[in-house]
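Visitor: I have a model open and could use a hand reading it. Can we go through some features together?

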Amino acid sequence: MGILIRKPGMLASFQDLGRNGFARFGINPGGVMDTAAARISNILCGNPDGEAVLEMHFPAPEIEFTEPVLFSLCGADFGGRLNDSEIEPWRLYAASAGDSLAFSRRVSGARAYLAVSGGFEIERWLGSGSTNIKAAIGGFRGRALIAGDRVGFGRTANRSPAPPLRASSRLLPIYRPIPTVRYVAGAEFELLPEDSRRIFNERLFSISPRSDRMGFRLEGPTVALAEPFELVSSAVNFGTIQLLPDGQLIILMADHQTSGGYPRLANVIPTDLPLVAQLVAGDKVGFHSVSEDESERLCLEFEKDLSLLRAGCRFRLDAID
């Protein structure tokens with residue numbers, strides 16, 4: 001079979017790297033909030049980077065494995081325990097039939113990702129297994145998991161003993177409640193007067209409780225344009241920072257709309273989006289400007305490190321097949 005949900009968690013749903021390529025039809029991509037953690041979790045299991053994983057918040061579900069499988073947990077540390085043994089994130093483990101995976105406390109981060117070798121047997125729509133809860137499609141019956149749900153494993157699962165695989169510390173993001181994330185200036189950044197630019201670059205903004213997978217609303221000092229400006233609804237993306245009419249900011253997240261009419265001040269660079277994705281209400285964030293060239297350099301460096309991890313994991317996993 002696969003896994004059995006013994007106790008439900010808060011909004012545990014299957015997500016992958018998103019339903020990309022359909023924005024022109026108004027279909028948002030969705031997908032995991034922390035793409036780095038989800039990709040590393042899959043790589044440790046020998047899966048393609050885009051395989052669907054279980055995205056969990058705290059309190060997280062209690063899960064029973066109903067057949068042997070290799071699995072990994074990446075992202076937030078929720079004090080995971082496999083039966084009576086503590087387990088660390090960013091490592092590969094083996095579970096036997098009847099083993100229980102539970103979580104006791106939130107140590108760091110906000111979202112943890114469970115991947116299993118071979119992936120999960122879930123529903124796909126437009127090529128993606130991501131759950132779109134509002135549309136009730138994708139993932140497991142288009143909804144978050146509840147007690148009693150049984151989810152099968154996908155392709156032939158690797159049931160061999162787990163080799164000692166873990167992600168290099170070089171790859172691990174440093175989750176903290178007050179990160180400074182880097183951004184590239186957006187199309188309307190030049191419309192800010194000097195004092196608002198200084199506020200944007202030097203002050204901290206709090207994550208509002210009114211945040212969700214669609215966007216993180218920020219609370220803090222008011223930012224204003226130099227002059228009133230009417231913007232035709234334009235394309236936005238995961239990480240776009242918009243200026244709202246009340247002078248507050250919002251960072252668009254995984255379930256963002258496909259277009260918007262608010263000024264796009266900046267875009268959080270892809271390598272720093274995981275730091276934002278792991279924040280909770282009350283945490284704070286600051287911003288630091290970088291060039292597009294620097295953003296691309298950081299992305300390429302991360303992809304190079306992922307390639308090295310992927311090659312090492314395949315070598316070790318192939319050796320035990």
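Guide: Let's look at one helix, then a few spots in the loops. Keep in mind that this is a predicted model.

Visitor: Is helix α1 mostly buried or exposed?

Guide: Start with the general idea: an α-helix has 3.6 residues a turn, so residues three or four places apart point the same way. Now the case here: α1 covers residues 35–44, and 9 of its 10 residues are buried, so the rest of the structure largely encloses this helix. Among the buried ones are Arg-39, Ser-41 and Asn-42.

Visitor: What covers the buried residues of α1?

Guide: The cover includes strands β3, β5, β8 and β10, along with helices α3 and α4.

Visitor: And what should I look for at the start of α1?

Guide: Check Asp-34: one of its side-chain oxygens comes within 3.2 Å of the backbone nitrogen of Ala-36. After the helix comes Gly-46, with a positive phi near 80°.

Visitor: Which residues have a positive phi without being a glycine?

Guide: Leu-126 and Arg-141 are examples, each with phi at about 55°. Leu-126 sits in the loop between β10 and β11, and so does Arg-141.

Visitor: How do I read their accessibility?

Guide: Buried means under 20% relative accessible area and exposed means over 50%. At 54%, Arg-141 therefore counts as exposed, while Leu-126, at 34%, is partly exposed.

Visitor: Where is there a cis peptide bond?

Guide: Look between Phe-58 and Pro-59, where omega is about 5°. Pro-59 belongs to the loop between β3 and β4.

Technical notes:
Residues are numbered from 1 along each chain as its sequence is written. This is a predicted model: local features need pLDDT of at least 70, side-chain atom pairs count only at pLDDT 80 or more; totals for chains, interfaces and linings use all residues. Side-chain values use heavy atoms; hydrogens and water are left out. Buried means under 20% relative accessible area, exposed over 50%, partly exposed in between (1.4 Å probe, protein chains only). Helices (H or I, at least four residues) and strands (E, at least two) are DSSP runs, numbered from the N terminus. Contact means heavy atoms within 4.5 Å. A polar contact is a pair of N or O atoms within 3.5 Å; within protein, one must be able to donate a hydrogen and the other to accept it, and residues adjacent in sequence count only if both atoms are side-chain atoms.
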